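Here's a quick tour for anyone meeting this structure for the first time. Have a look at it, then read on for a handful of spots worth finding.

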Amino acid sequence: MNRRTKIVAVAAAVLLTLGAGGVAVASGNDAPALAAATVKEAAALTGTAKLYRPAGDDITFSFDAHLAAKDNKDPEAATGTFRFSHYKGGKGGYAVAKVDCLVTGGKVAVVTGVVTETDVEGFRNKRVGVSVHDLGRHDRLGYSWMTRGQTTELPPCQSMPPFEKVLPGTGDFTVLPWQIDYPTE
């Protein structure tokens, strides 16, 4: 067995020993450029897109939200951030929210978070929710602040349906479907 074959065999054995949730790192002169790593998540929402606005508004949403496999039954243990901004004619604002809940089903995700950074006072320290439908090049998106006059605090994992169209060529959202492990009898 040559050195490269030994490295690959050892890496495969480590992966089999650790299972899907483990991490293996290959090293040596003949090792692949990227280390072999497997990280299992229960759910995820990632990507960036601009909304379609014929009037020229620049509205962008970016997501980096994750639910670890160990937290599969607790969507409120999700981590990460999401960012949104709306500018037109040199005016507008942005907000960054710390994720506090993530639920996905098929290619649809709902994420909520509390705004931690913004230049729009109305969003500061408020929970906001966003929904995404991952349709490849035709993604859709919805957001909780669509309705004006909201007087109650938004609960975790709540938002409007994905009613907005994403600007063609900008949608790259990826939704990792949530797989709940139900007990068997």
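Is Arg53 buried, partly exposed or exposed? Arg53 comes out as partly exposed, because its relative accessible area is 26%. Keep in mind that this is a predicted model. The points below go through the strands, the salt bridges and two residues to zoom in on.

**How the strands pair**

- Start with β1 and β2, which run antiparallel and are joined by nine bridges.
- On that pairing, Gly47 has Phe63 in β2 as its bridge partner.
- β2 also pairs with strand β3, which covers residues 79-88. That pairing is antiparallel too, and it runs over nine bridges.
- Phe63 turns up here again, standing opposite Phe82 in β3.

**Salt bridges**

- Side chains of opposite charge can pair when their charged atoms come close.
- Search the whole structure and you get eight salt bridges.
- One of them brings together the side chains of Arg53 and Glu164, at 2.7 Å from N to O. This pair links distant parts of the chain, with the two residues 111 places apart. Arg53 is in the loop between β1 (41-50) and β2 (58-68), while Glu164 belongs to strand β8 (residues 164-165).
- The two partners sit differently: Arg53 is partly exposed at 26% relative accessible area, whereas Glu164 is buried at 9%.
- Asp71 and Lys70 also meet through their side chains in a salt bridge, this time at 3.2 Å from N to O. Asp71 is buried, with a relative accessible area of 17%, but Lys70 counts as exposed at 73%.
- Then there's Asp100 with Arg127, whose side chains form a salt bridge at 2.7 Å, N to O. Asp100 lies in strand β4 and Arg127 in strand β6 (residues 127-133), so the pair ties together parts that are 27 residues apart in sequence.
- Both Asp100 and Arg127 are buried.
- Those two aren't on their own, either: Asp100, Arg127 and Glu153 are linked in a network of salt bridges.

**Zooming in on Cys101**

- Cys101 is in strand β4, which spans residues 91-105.
- Why does Cys101 count as buried? Its relative accessibility is just 2%, and anything under 20% is called buried.
- Setting aside residues up to four places away in sequence, Cys101 touches Pro75, Glu76, Ala78, Val110, Val111, Thr112, Pro156 and Cys157.
- For a sense of distance, try Asp74: Cys101 and Asp74 are 27 residues apart in sequence, and their C-alpha atoms are 8.6 Å apart in space.

**Zooming in on Asp134**

- Where is Asp134? Look in the loop between β6 and β7, with β7 being residues 140-143.
- Asp134 is buried, with a relative accessible area of 11%.
- A polar atom of the Asp134 side chain lies 3.4 Å from the backbone nitrogen of Gly136.
- Which residues does Asp134 contact, leaving aside neighbours within four places in sequence? They are Lys107, Asp139, Phe173, Thr174 and Val175.

Notes. Residues numbered from 1 in each chain as written. Predicted model: local features only at pLDDT ≥ 70, side-chain atom pairs only at ≥ 80, totals over all residues. Heavy atoms only, no water. Helix = DSSP H or I, 4+ residues; strand = E, 2+ residues; numbered from the N terminus. Buried < 20%, exposed > 50% of the residue type's maximum accessible area, 1.4 Å probe, protein only. Contact = heavy atoms within 4.5 Å. Salt bridge = Lys/Arg side-chain N within 4 Å of Asp/Glu carboxyl O. Polar contact = N/O pair within 3.5 Å; in protein donor to acceptor, adjacent residues only side chain to side chain. Pairing = 2+ DSSP bridges.
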